[in-house]
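User: I'm new to this one and would like to know where the labels come from. Can you take me through the reasoning step by step?

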Amino acid sequence: MTAPVFHLMDRAPAPVAPYSHAVEIDGWCLITGQLATDPEDDARPLPEGIEAQTRRTMENLRIVLDGLGLDFSHVVSARVFLTEFERDYEAMNAVYAEYFNAETRPARTCIGVTGIARKALVEIDCIAYRTPKK
């Protein structure tokens with residue numbers, strides 16, 4: 001087992017707490033939960049509505065994956081946290097599904113929660129796997 005590598009991405013939104021954007025060990029990349037924060041200006045308000053927040057969240061995940069030299073095809077598992085589960089589940093799924101190939105969608109858990117940082121409606125984290133070079 002190799003030592004973990006801790007990644008902070010310049011282009012990704014500023015962390016809202018003390019964490020790395022990603023930690024990588026032996027090809028496994030654990031991507032910290034992303035919110036709908038603006039990567040250019042963290043002080044901007046979050047987008048309105050679950051569709052816009054899900055899209056911005058997924059784009060923030062894309063930025064972190066890109067910083068690792070990966071993309072959504074490398075994602076093997078995801079967790080979605082929703083503050084308004086019953087209201088937002090279907091709309092979130094519609095946007096989320098746009099980011100994955102229908103034949104290779106990752107495993108996923110979706111959880112209703114009472115609150116998320118910045119009063120966000122959605123937070124998504126994921127685990128990606130970097131195929132070893134041969």
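User: Leaving aside neighbours within four places in sequence, which residues is Cys110 in contact with?

Analyst: Keep in mind that this is a predicted model. Cys110 is in contact with Val80, Leu82, Phe85, Tyr89 and Met92, once the neighbours within four places in sequence are set aside. Cys110 itself belongs to strand β5. As for Phe85, its C-alpha is 8.8 Å from that of Cys110, with the two positions 25 residues apart in sequence.

User: Why are Phe85 and Tyr89 called a stacked pair?

Analyst: Two values decide that. Ring centres have to lie within 6.5 Å to pair, and planes under 30 degrees apart count as stacked. For Phe85 and Tyr89 the centres are 4.9 Å apart and the planes are at 25 degrees, so the pair is stacked. Both residues sit in helix α2, 4 residues apart, which is about one turn of the helix. The structure holds 5 aromatic pairs.

User: What makes Phe85 and Tyr89 partly exposed?

Analyst: Partly exposed is the band between under 20% for buried and over 50% for exposed. Phe85 comes out at 28%, so it goes in that band. Tyr89 has 32%, so partly exposed is the label there too.

User: Why is the pair of Tyr96 and Phe100 tilted?

Analyst: The ring centres of Tyr96 and Phe100 are 4.9 Å apart and the planes meet at 40 degrees. Stacked needs under 30 degrees and edge-to-face needs over 60, so what remains is tilted. Tyr96 has 6% relative accessibility, so it is buried under the 20% cut-off. Phe100 has 10%, so it is buried as well. Ring pairs also link Tyr96 and Phe100 with Phe72 and Tyr99 into a cluster.

User: How do you know that the charged end of Arg108 sits over the ring of Tyr96?

Analyst: The distance part is simple: the limit is 6 Å from the ring centre, and the charged end of Arg108 is 4.7 Å from the centre of the Tyr96 ring. There is an angle condition too, within 35 degrees of the ring normal, and the pair is listed as sitting over the ring.

User: Why is Thr54 called buried, and what does it touch?

Analyst: Thr54 has a relative accessible area of 0%, and buried means under 20%, so the label follows. Thr54 lies in helix α1. Not counting residues up to four places away in sequence, Thr54 touches Met92, Val95, Tyr96 and Val122.

User: What makes Arg11 and Asp66 a salt bridge?

Analyst: The rule asks for a side-chain nitrogen of Lys or Arg within 4 Å of a carboxyl oxygen of Asp or Glu. The closest N and O atoms of Arg11 and Asp66 are 3.0 Å apart, so the pair qualifies. This bridge links distant parts of the chain: Arg11 is in the loop between β1 and β2, while Asp66 is in helix α1, 55 residues apart. By this rule the count comes to 9 salt bridges.

User: And why does the pair of Arg79 and Asp125 count as a salt bridge?

Analyst: Here the closest N and O atoms are 2.6 Å apart, and the limit is 4 Å, so Arg79 and Asp125 form a salt bridge. Arg79 lies in strand β4 and Asp125 in strand β6, so the bridge ties together parts 46 residues apart in sequence. Arg79 is partly exposed at 40%, whereas Asp125 is buried at 12%.

User: How do you know whether Asp38 and Arg44 are buried or partly exposed?

Analyst: Asp38 has 18%, which is under 20%, so it is buried. Arg44 has 41%, between the two cut-offs, so it counts as partly exposed. The two form a salt bridge with the closest N and O atoms 2.4 Å apart, and Asp38, Asp41 and Arg44 are linked in a network of salt bridges.

User: One last thing: why is Lys119 called exposed, while Arg118 is partly exposed?

Analyst: Lys119 has 78%, and exposed means over 50%, so that label fits. Arg118 has 33%, which falls between the cut-offs, so partly exposed is the result. Arg118 lies in the loop between β5 and β6, and so does Lys119. Phi is positive in each: near 65 degrees for Arg118 and about 60 degrees for Lys119.

Key: Residues numbered from 1 in each chain as written. Predicted model: local features only at pLDDT ≥ 70, side-chain atom pairs only at ≥ 80, totals over all residues. Heavy atoms only, no water. Phe/Tyr/Trp six-rings, centres within 6.5 Å; stacked < 30°, edge-to-face > 60°. Helix = DSSP H or I, 4+ residues; strand = E, 2+ residues; numbered from the N terminus. Buried < 20%, exposed > 50% of the residue type's maximum accessible area, 1.4 Å probe, protein only. Contact = heavy atoms within 4.5 Å.
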